[in-house]
Protein chains: 2
Amino acid sequence: MGELVSSNEETCRWRRRKEERPAEILAAALKNFSSKGFAATKLAEVAKEAGVSKGTLYLYFESKEALFKAVVNEFVLPQIAKAEEQAEQNTGSIKHLMVKLVEQWRINILETELSGITKMMIAEASNFPELATFYLENVIQRTRGFVANLIKLGIERGEFRQCNYDYAARAFLSPMVFSAIWQHSLAPFDDSYDMNEYLNIHLDIFLRGISKDSLG
Amino acid sequence: MGELVSSNEETCRWRRRKEERPAEILAAALKNFSSKGFAATKLAEVAKEAGVSKGTLYLYFESKEALFKAVVNEFVLPQIAKAEEQAEQNTGSIKHLMVKLVEQWRINILETELSGITKMMIAEASNFPELATFYLENVIQRTRGFVANLIKLGIERGEFRQCNYDYAARAFLSPMVFSAIWQHSLAPFDDSYDMNEYLNIHLDIFLRGISKDSLG
DNA sequence: ATAAAATAACTGACCGGAAAGTTATTTAAT
DNA sequence: ATTAAATAACTTTCCGGTCAGTTATTTTAT
């Protein structure tokens with residue numbers, strides 16, 4: 001943990017590492033925001049884990065809020081881009097693509113620290129309006145729009161029945177979001193919830209519910 | 001709000017009102033915990049809204065955590081008891097009872113300050129393990145068990161298909177919990193989500209998904 | 001009835017610790 | 001020698017919890 005110097009154990013108290021600092025700080029910030037939430041994250045702890053002093057944090061990020069926004073830009077937005085690309089390259093059915101998207105959610109979000117960011121934002125939005133609008137505009141609305149478009153396409157193709165695709169997108173996404181929330185709130189105190197099972201059931205119900213034919 | 005004396009505007013700085021204090025403090029605490037969350041709630045503010053000094057709070061409640069537990073006992077548990085009674089007195093189908101339960105959720109939880117308690121607990125469970133286990137044992141497990149029993153009964157009666165009724169209970173409850181969470185997190189910043197619509201769609205999908213016949 | 005004494009409800013200034021953010025100083029690198 | 005990266009000590013603010021003192025109310029004595 002507290003490794004300050006690399007190989008040559010020189011008599012250096014610290015090194016100048018302008019290039020590497022941001023990435024190391026962001027990694028520590030992600031870990032802390034994810035596990036503790038925004039308010040409960042201590043910048044002193046982030047600094048310690050990044051192997052720098054608290055002051056150094058402020059050399060690279062203006063404030064705690066700026067640091068969080070940087071975490072979102074660095075780690076969350078690329079995931080959305082990835083999903084969008086996967087959709088573009090999709091050649092099979094929309095239904096199949098949606099199964100794949102849930103699978104990607106599991107692997108890339110739920111089972112990584114990113115689920116903690118999802119939970120954190122939902123949990124603390126009301127206490128940090130500035131972050132709330134940032135996250136809403138850059139993450140939520142973009143994701144919702146992306147899924148809504150997908151469903152719209154499914155309807156046009158005759159895979160899905162006529163429905164309000166905007167609400168259908170919410171119905172599709174909310175259990176995924178819920179899984180992230182639960183995992184970082186009461187699941188650790190509960191006899192462990194099988195998230196895979198939970199997501200499978202919801203996906204099954206959703207696809208059944210939206211299909212043109214009643215079998216899904 | 002800051003009414004200290006009732007009718008006669010006497011030259012009293014305060015009155016002794018041992019009987020009324022707890023209820024007034026609990027009401028102010030509910031309001032604050034609901035809108036701000038646990039950590040962000042300031043006891044000085046609760047005291048002010050209850051018309052007492054901060055010190056008086058500690059005459060009636062041992063700590064912030066004890067105050068929160070009292071709020072749950074006073075306002076949340078009676079709602080669960082109410083639902084349990086309604087289930088006992090039910091003469092129609094289980095399916096119909098579940099529609100009614102969602103309706104009650106809307107009226108008694110979602111559209112009241114209690115939805116804020118639901119959200120608060122999910123949001124801050126990880127930072128307050130003591131409260132988390134208290135809430136899990138007294139609220140979550142009791143509610144989940146109640147619904148699981150209902151679904152089990154529905155299966156025995158032939159209304160529902162064979163399924164893991166424990167997970168089915170989670171599938172039934174999680175969108176309700178999600179509605180409360182969303183309402184107190186990003187909904188205020190979003191173009192307003194129609195929660196009724198959201199709940200209706202989920203109820204429809206759930207009942208379709210669990211029915212023995214495919215129509216629901 | 002009245003007033004003094006006793007009681008307990010209530011107040012609010014204060015304490016201690018914690019954490020965000022700042023800055024004077026030190027140290028590495030060139 | 002000079003620059004700038006990094007530090008560590010500092011300031012400020014905030015809040016849960018405490019407690020010594022104040023005041024409304026009740027009780028006792030006359």
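**Figure 1. Residue classes on the surface near DNA strand D.** The surface near DNA strand D is made up of 12 charged, 8 nonpolar and 5 polar residues. Here Asp, Glu, Lys and Arg count as charged, Ala, Val, Leu, Ile, Met, Phe, Trp, Tyr, Cys and Pro as nonpolar, and the others, Gly among them, as polar. A residue is near a strand if one of its heavy atoms lies within 4 Å of it. This is a predicted model, in which local features need pLDDT of at least 70 and side-chain atom pairs count only at pLDDT 80 or more, while totals for chains, interfaces and linings use all residues. Residues are numbered from 1 along each chain as its sequence is written, chains are lettered from A and ligands numbered from 1 in the order in which they are written, and side-chain values use heavy atoms, with hydrogens and water left out.

**Figure 2. Residues that come nearest to DNA strand D.** Around DNA strand D there are 25 residues, of which Arg17(A), Ser53(A), Thr56(A), Tyr60(A) and Lys54(B) come nearest. Sugar or phosphate supplies 67% of the atoms of DNA strand D within 4 Å of the protein, and bases supply the rest.

**Figure 3. Polar contacts to phosphate oxygens of DNA strand D.** A polar contact is a pair of N or O atoms within 3.5 Å; within protein, one must be able to donate a hydrogen and the other to accept it, and residues adjacent in sequence count only if both atoms are side-chain atoms. The side chain of Arg21(A) places an N or O atom 2.8 Å from a phosphate oxygen of DNA strand D. For the side chain of Tyr58(B), the distance to a phosphate oxygen of this strand is 2.7 Å. Lys64(B) has a backbone N or O atom 3.0 Å from a phosphate oxygen of DNA strand D. Two or more residues of the surface near this strand come from α3 of chain A and likewise from α3 of chain B. The largest share, 4 residues, comes from α3(A). Helices (H or I, at least four residues) are DSSP runs, numbered from the N terminus.

**Figure 4. The surroundings of DNA strand C.** Among the 25 residues that surround DNA strand C, the closest are Lys42(A), Lys54(A), Arg21(B), Thr56(B) and Tyr60(B). α3(B) gives the most to the surface near this strand, with 4 residues.

**Figure 5. Polar contacts to DNA strand C.** A polar side-chain atom of Lys54(A) lies 2.3 Å from a base oxygen of DNA strand C. Tyr60(B) has a polar side-chain atom 2.4 Å from a phosphate oxygen, and the side chain of Lys42(A) has an N or O atom 3.0 Å from a phosphate oxygen.
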